[in-house]
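Here are some short exercises to work through with the structure open beside you. Try each task before you read its solution.

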Amino acid sequence: MHRHLSAALLCTLGIFAAPTAQAGLFDKNPDQVAQEAVAKNLRAVTLWVEASWGFRNQGAANNLSRAHQSFTTRGYNVVSVEPYIENGDLQGFFVTYQKP
């Protein structure tokens, strides 16, 4: 229950706190999001990393690793990784990165 509330809160805060900066970030790959974050000089970014169907365990880990690589090479640190589980199934993660 706590995880659902955390994910919902992150999503809500992202929508209301910075609608312009967050618009369109959920349908792009992490490298595109990281490039845009640098171009817009964003101090923090939250994005959605989807769990891969059929490869849920390793696919999710690979997707997170690619996202982390995209952001760390641009000077961002991982702040939080919040899983989103729906009906007992892992759907993906809300991942927040921040520049020190």
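The exercises below concern a predicted model.

**Exercise 1. Confidence**

Find out how confident the predictor is overall, and which stretch has a pLDDT below 50.

Solution. Begin with the whole chain: the average pLDDT is 79, and 68% of the residues score at least 70. Then look along the sequence, where residues 7–25 have a pLDDT below 50. This stretch has 17 contacts in the model beyond near neighbours in sequence. A word of caution applies here: where pLDDT is low, predicted coordinates should not be read in detail.

**Exercise 2. Aromatic pairs**

Classify the ring pairs Trp48–Tyr84 and Phe71–Tyr97 as stacked, edge-to-face or tilted.

Solution. A search of the whole structure gives 4 aromatic pairs. Take Trp48 and Tyr84: their ring centres are 6.1 Å apart and their planes are at 70°. An angle over 60 degrees counts as edge-to-face, so Trp48 and Tyr84 make an edge-to-face pair. Next, place the two rings in the chain: Trp48 sits in strand β1 (residues 44–50) and Tyr84 in strand β2 (residues 77–86), 36 residues apart. Tyr84 is partly exposed, at a relative accessible area of 26%.

Now turn to Phe71 and Tyr97, whose ring centres are 4.1 Å apart with planes at 0°, so this pair is stacked. Phe71 belongs to helix α4 (residues 56–72) and Tyr97 to strand β3 (residues 89–98), so the pair ties together parts 26 residues apart in sequence. Both Phe71 and Tyr97 are buried.

To finish, note that Trp48 and Tyr84 share one aromatic cluster with Phe94.

**Exercise 3. The nonpolar core**

Which residues have the most contacts inside the largest nonpolar core, and which element gives the most to this core?

Solution. The largest nonpolar core contains 16 residues, and Val45, Phe71, Tyr76 and Tyr97 have the most contacts inside it. Sorting by element, α3 (30–39), β1, α4 and β3 each supply at least two residues of the core. The element that gives the most is α4, with 4 residues. As background, nonpolar side chains in soluble globular proteins tend to be buried together.

**Exercise 4. A salt bridge**

Which residue forms a salt bridge with Arg74, and where do the two partners lie?

Solution. The count comes to 1 salt bridge. Arg74 pairs with Asp31, and their closest N and O atoms are 3.0 Å apart, which falls within the 4 Å cut-off. Arg74 is in the loop between α4 and β2 while Asp31 is in helix α3, so the bridge ties together parts 43 residues apart in sequence. As for accessibility, Arg74 is partly exposed at 22%, and Asp31 is partly exposed at 32%.

**Exercise 5. Hairpin and positive phi**

How do β2 and β3 run, and what phi does Asn87 take in their hairpin?

Solution. Strands β2 and β3 run antiparallel and are joined by 9 bridges. One bridge partnership is that of Glu86 with Asp89 in β3. The hairpin has 2 residues between the strands, and Asn87 takes a positive phi near 55° there. Most residues other than glycine have a negative phi. Asn87 is exposed, at 74% relative accessibility.

Another positive phi belongs to Asn41, near 55°. Asn41 lies in the loop between α3 and β1, and Asn41 is exposed at 67% relative accessibility.

Methods
Residues numbered from 1 in each chain as written. Predicted model: local features only at pLDDT ≥ 70, side-chain atom pairs only at ≥ 80, totals over all residues. Heavy atoms only, no water. Phe/Tyr/Trp six-rings, centres within 6.5 Å; stacked < 30°, edge-to-face > 60°. Buried < 20%, exposed > 50% of the residue type's maximum accessible area, 1.4 Å probe, protein only. Core = buried A, V, L, I, M, F, W, Y, C linked by side-chain atoms within 4.5 Å. Salt bridge = Lys/Arg side-chain N within 4 Å of Asp/Glu carboxyl O. Pairing = 2+ DSSP bridges. pLDDT = per-residue confidence, 0-100. Contact = heavy atoms within 4.5 Å.
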